[in-house]
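This tutorial dialogue concerns the reading of helix packing and side-chain contacts. The learner asks how each feature is read, and the teacher replies with the case at hand.

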Amino acid sequence: MAEQGSQSRAAITLAVVSGFLIFRCLWRVFTPGTEYALPPWPLVSVISDILMMVALFIIKPMVPTATAESPALVRHATALFIGGIVATAIMVLIRVSSDRGWWTGHLM
């Protein structure tokens with residue numbers, strides 16, 4: 001019974017972290033960047049994005065395999081996992097694509 005609770009918490013955690021990464025990526029792609037950040041913050045931002053991606057890799061094996069009777073978060077865990085990984089890759093690519101992208105973190 002306790003194992004089932006931890007598996008559902010893992011699915012919720014995976015959904016929250018993936019959703020945060022996806023939302024943050026969409027915000028950076030569709031919102032123009034305004035001011036340049038102070039020198040340590042672009043690096044801190046990249047490191048935090050990568051650490052959240054590593055957290056996805058740690059959480060994913062804890063989510064139970066999906067069946068027809070599984071909750072929606074468990075059934076869509078793989079799609080959320082892939083979305084979070086792709087969002088992190090896009091955010092890192094934005095950072096290394098140009099000098100302005102490095103300082104603002106935004107595509108435009």
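The dialogue below moves from the overall fold to a helix pair and its side chains.

Q: What should be established before the details, and how many helices and strands does the protein chain have?
A: The nature of the model comes at the outset: this is a predicted model. The protein chain has five helices and zero strands, and its pattern along the sequence reads α-α-α-α-α. Its C-alpha atoms fill a box of roughly 50 × 25 × 15 Å along the principal axes.

Q: What share of the 108 residues in the protein chain is buried?
A: Buried residues account for 32% of the 108. As for contacts between residues at least 6 apart in sequence, 79% join residues at least 24 apart.

Q: At what angle do α2 and α4 pack?
A: The angle between two helices is read from their N-to-C directions. For α2 and α4 it is about 160 degrees, and the axes lie 10 Å apart. Angles over 145 degrees count as roughly antiparallel, which makes α2 roughly antiparallel to α4. The crossing of these two helices is left-handed.

Q: Which residues of α2 and α4 meet?
A: From α2 come P42, S45, V46, D49, I50, M53, L56 and F57; from α4 come F81, G84, I85, T88, M91, V92 and R95. Sorted by class, this contact of α2 with α4 has ten nonpolar, three polar and two charged residues.

Q: Is T88 buried or exposed?
A: Burial is judged by relative accessible area, with buried meaning under 20%. T88, in helix α4, has a value of 1% and is therefore buried. Leaving aside residues up to four places away in sequence, T88 touches L21, D49, I50 and M53.

Q: How many aromatic pairs does the structure hold, and why is the pair of F57 and F81 classed as it is?
A: The structure holds one aromatic pair. The ring centres of F57 and F81 are 5.2 Å apart and the ring planes stand at 90 degrees, so the pair is edge-to-face; the cut-off for that class is over 60 degrees. Because F57 lies in helix α2 (residues 40-59) and F81 in helix α4 (residues 77-97), the pair ties together parts that are 24 residues apart in sequence.

Q: Which accessibility class does each of the two rings' residues fall into, F57 and F81?
A: F57 has 45% relative accessibility and so counts as partly exposed. F81, at 13%, counts as buried.

Note on methods: Residues are numbered from 1 along each chain as its sequence is written. This is a predicted model: local features need pLDDT of at least 70, side-chain atom pairs count only at pLDDT 80 or more; totals for chains, interfaces and linings use all residues. Side-chain values use heavy atoms; hydrogens and water are left out. Rings of Phe, Tyr and Trp (its six-membered ring) pair if their centres lie within 6.5 Å; planes under 30 degrees apart count as stacked, over 60 as edge-to-face and the rest as tilted. Helices (H or I, at least four residues) and strands (E, at least two) are DSSP runs, numbered from the N terminus. Buried means under 20% relative accessible area, exposed over 50%, partly exposed in between (1.4 Å probe, protein chains only). Axes are lines fitted to C-alpha atoms, for helices over the stretch in contact, and angles run from 0 to 180 degrees between N-to-C directions. Angles under 35 degrees count as roughly parallel, over 145 as roughly antiparallel, 65 to 115 as roughly perpendicular and the rest as oblique. A crossing is left-handed if the near helix is turned anticlockwise from the far one by less than a right angle, and right-handed if clockwise. Contact means heavy atoms within 4.5 Å. Ala, Val, Leu, Ile, Met, Phe, Trp, Tyr, Cys and Pro count as nonpolar, Asp, Glu, Lys and Arg as charged, and the others, Gly among them, as polar.
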